[in-house]
Amino acid sequence: MKFVIIAEYFEKLEATTKRLEMFKILSELFRKAPKNEIDKLVYICQERIKPPYEGIEIGMADKMLEKAIARATGTDIKKVKELYKKKGDLGLVAEALSGKVKNKLIKPKELTLAEVYNGFLKTAKVSGTGAVDQKISIIAGLLSRADPKEAKYIARFVIGRLRLGIGDPTIMDSLSQAKVGDRSLRKDLERAYNLCSDLGLVAKTFFEKGIDAIRKFKVTPGKPIRMALAERLPSPKDIIKKIGKCAVEAKYDGFRLQCHKIGNKVLLFSRNLENMTHMFPDIIAEVKKLKQKEIIFEGEALTYNEVTGELYPFQVTITRKRKYEIEKVSKELPLRMFVFDLLYVNGKDYTPEPYIKRRKKLESIFKKGELLQPSAMIITDDPKEMEKFFEEEVSAGLEGVMAKRLDAPYSAGARNYNWIKLKRSYKGELADTIDVVIVGYLKGRGIRAKFGIGAILVAVYDEKEDVFKTIAKVGSGFSEEQWIELRKMLDKISVKHKPARVDSLIEPDVWVEPKYVVTVKADEITRSPLHTAGKTEKEEGFALRFPRAVDFIRFDKSPEDANTVTEIKKIYKMQFKHT
Ligand code: ATP
C-alpha cells in the first residue's frame, strides 16, 4: 500500500471534527488496505508501533526530528528551528521544507506503508552508542523520499503528535464497516481485542482469516487480557437484591497486576496493560516458584509494614515506580499480593468458567500467609453478614468490599454487575472518587498566576460516542511543585484548537490532548449548563461540586479508563439513595 494514500486520508480526518464523518473516512481507508498490512495501519492509527504492553517507543525528541528534517531537505538547522518557532508544529515544518526540494532531477521511489512502518520500528529498536544519530538518519531517509503530505505525518508520528482523534472503539467500528458495510461485527472484534489487547493482531486475523477466526479467539499467555471492571451499588441490600448469594472479597487499595508465567518467564501488566515487570522483582521471584508451567492470574499488590502488618495505600505502593533503586525499596517496603482471580492454567482458559470454579482452583494454588495469597473472602446471601464483613475490612484500613457473582465468567474488558464495589463513604463527600481526563488548563489569577496554571479543565469518557466530555474545573489538591510539574507536562501535549475527541462549552486558555488521568474527590455531582458530560437536549450536563485532586497523575490509567458518562449518571442517582 502506498503511504501517500494514508497521508491523504489523514488529511481528510484532520479536516473534520464530526465523529460520523471520521468513522466513514477511516472505514474507507481500511477498505483500501491489503490483508497482510492492516495490522501496521491499525498501529499507526493508534499512534503506536506495537501494542502498548510491548513497550516499544520510538524515542525521538523534537531536537532529533529537527536534525532529521534539516538533513533530509538540505536545510540549515537554524532555518528549521526558525520555522518551527513560527509554525509551532514540526509536521508543518517538514511539509513546507519537503515541498521545496521536490524539483529534484531524479524523482524518488514512492514510499510504501511497509517501508514507513519498518522505518519506525527500526528507529524504535536502535539503542546503545550512536543510537541518536542512527535514529536521525533512518527518519531523514524516510523524509527525503516523502512528498510534503507524507512528510507532515511522518514527522508528527515520530514525536508522538499525530493526534488523529480516533479511539479504539472507532477503529473497531471502522474495521467492521470496511468488511461488511455496517458495525455489526464490532462486538466480536471487541471480544477478541479484550482477550489479547492487540488491535493490530485482531485486525489482521479478521482481514486474513475472517470472522470465524475472530469468534474462536483464545487467551494467550504473554498477551495481557483486558481487565474486568466493577459496577457500584450503594448498599449490601442492593447488592444481594441484584445478584443474590455472592462472594464478598476485601477490596485492597493497591496496584492491580495481571501476572503471566510462561515457563521461566514472568510478565506483569498494570491496569492499563503496560508492562510493569521491572517494578516488582520480589513478585517475579515468587511467581517463578509456582509449579504451574503456564499461569495467568490477577491480584492487588500492596506494600505493608512488617512490624504491624498494616497495609499501605496505593500512593505508598507506587513510590516504587518513582525510585530508581527498586531492589533497595523492595527491602524497605516489602510487598504482598492478594490474588483475586485466576484466568489460565497450563493450556486451560479459565475465563469462561464461573467465579466459584476459578476461585476453587485459585485457592488450591495460593495459600494464606505467603507473599502471593488469596484475597480475604466470604460467601453470603445475608446483607447483615456482608455489612459486618465490610465494617471489619474498613476498620482494618481497607477501602471496602467487592461482591462477585458466583456463576459469572471473567468479563474481560467489561464493566458490569458480575463484580460490584462497595466503598466506605465519607461524610459530606461522594463515597467514590472520580477519575477524570485533563483536556486543558486555565492560567489563573492571583498567587497561582506565577505558575501560569490555576486550574485544569477535566472530562469523563463518553464510551458511546468515543469522546471526552467536560465535568469540572479543578483548582485544588495539588502541591505547588505538582502544579509546576503539571504545567510542564501539559505544555508538551498542548494543541492550538480543541482536540477532535473533546466536547466542551468552556474554552480553556490552553487545550491539551486527552492523555493524563487524575483522581478527584468531590462533595457531590450536580447538574450544570456549563458542562457537556451527560448533557442532552432536555437535560443539563453533570458537574462536580468542590472538586479537588487526590495525589498526582494516575499513570496506570489511560484516558479511556477514566469514569464514563454512564457511570457518572449512576453515581448521580445513587446520591439520592444515601441518607
Ligand atoms: P476501576 O478499576 O473499576 O476503573 P478504580 O480504579 O477507580 O476503578 P475502584 O473503583 O476503587 O478503582 O475499584 C476497582 C479496583 O479495585 C480494581 O480495578 C482493582 O484494582 C481493585 N481491587 C481491590 N481488591 C479487589 C478484589 N478483591 N477484586 C477485584 N478488584 C479489586
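How many Å apart are the mean positions of the positive and negative charges of the protein? In this predicted model, the 110 positive and 83 negative charges have mean positions that lie 3 Å apart.

## Overall form

The secondary structure of the protein comprises 22 helices and 21 strands. Its radius of gyration is 25 Å, close to the 25 Å that the globule rule gives for 579 residues, so the protein is as compact as a globular protein of that length. Taken along the principal axes, the box filled by the C-alpha atoms is roughly 85 × 60 × 55 Å. Of the 579 residues, 55% are buried, and the protein exposes about 26100 Å², of which carbon and sulfur atoms supply 51%. When the contacts with a separation of 6 or more are considered, 72% of them join residues that are 24 or more positions apart.

## Two strands with antiparallel partners

Strand β3, which covers residues 255-262, has seven of its eight residues buried, so this strand is largely enclosed by the rest of the structure. One of its partners is strand β5 (residues 294-303), which runs antiparallel to β3 and is joined to it by eight bridges; within this pairing, K261 stands opposite I295 of β5. Strand β4 (residues 265-269) is also antiparallel to β3, with five bridges between the two, and here H260 has L267 of β4 as its bridge partner. The hairpin of β3 and β4 has two residues between the strands, and G263 in this hairpin takes a positive phi near 60°.

Further along the chain, strand β13 (residues 455-462) is mostly covered, with eight of its eight residues buried. Strand β12 (residues 434-442) runs antiparallel to β13 and is joined to it by five bridges, with Y441 standing opposite I456 of β13. Strand β14 (residues 467-474) is likewise antiparallel to β13, and seven bridges join these two strands; V467 in β14 is the bridge partner of D462. In the hairpin of β13 and β14, four residues lie between the strands, and D466 takes a positive phi near 60°.

The pairings described above are collected here.

| Strand pair | Bridges | Direction |
|---|---|---|
| β3 and β5 (residues 294-303) | eight bridges | antiparallel |
| β3 and β4 (residues 265-269) | five bridges | antiparallel |
| β12 (residues 434-442) and β13 | five bridges | antiparallel |
| β13 and β14 (residues 467-474) | seven bridges | antiparallel |

## Positive phi in loops

Most residues other than glycine have a negative phi. Against this background, S197 has a positive phi of about 60° although it is not a glycine. Residue S197 lies in the loop between α11 (186-196) and α12 (199-209), and at 3% relative accessibility it counts as buried, the cut-off for that class being under 20% relative accessible area.

N346 is another residue other than glycine with a positive phi, in this case near 40°. Its place is the loop between β6 (335-345) and β7 (348-349). Is N346 buried or partly exposed? At 47% relative accessibility, N346 counts as partly exposed.

## Two buried alanines

A403 is placed in strand β10, and with 0% relative accessibility this residue counts as buried. Which residues is A403 in contact with, leaving aside its neighbours within four places in sequence? The contacts of A403 are with I239, I243, C246, A247, V248, N418, W419 and I420. By comparison, the C-alpha atoms of A403 and I225, which are 178 residues apart along the chain, are separated by 21 Å.

A408 is found in the loop between β10 (400-405) and β11 (415-423), and with a relative accessible area of 4% this alanine is buried. Not counting residues up to four places away in sequence, A408 touches E353, P354, Y355, R358 and N418. N418 therefore appears in the surroundings of both alanines, given that contact means heavy atoms within 4.5 Å. The C-alpha atoms of A408 and K50, 358 residues apart along the chain, are separated by 32 Å.

Terms used
Residues are numbered from 1 along each chain as its sequence is written. This is a predicted model: local features need pLDDT of at least 70, side-chain atom pairs count only at pLDDT 80 or more; totals for chains, interfaces and linings use all residues. Side-chain values use heavy atoms; hydrogens and water are left out. The radius of gyration is taken over C-alpha atoms; the globule rule is 2.2 Å times the number of residues to the power 0.38. Buried means under 20% relative accessible area, exposed over 50%, partly exposed in between (1.4 Å probe, protein chains only). Accessible areas come from the Shrake-Rupley method with a 1.4 Å probe; for residues, only the protein chains shown count as cover. Lys and Arg count as positive and Asp and Glu as negative; His and the chain ends are not counted. The place of a charge is taken as NZ of Lys, CZ of Arg, CG of Asp or CD of Glu. Two strands pair if DSSP finds at least two bridges between them.
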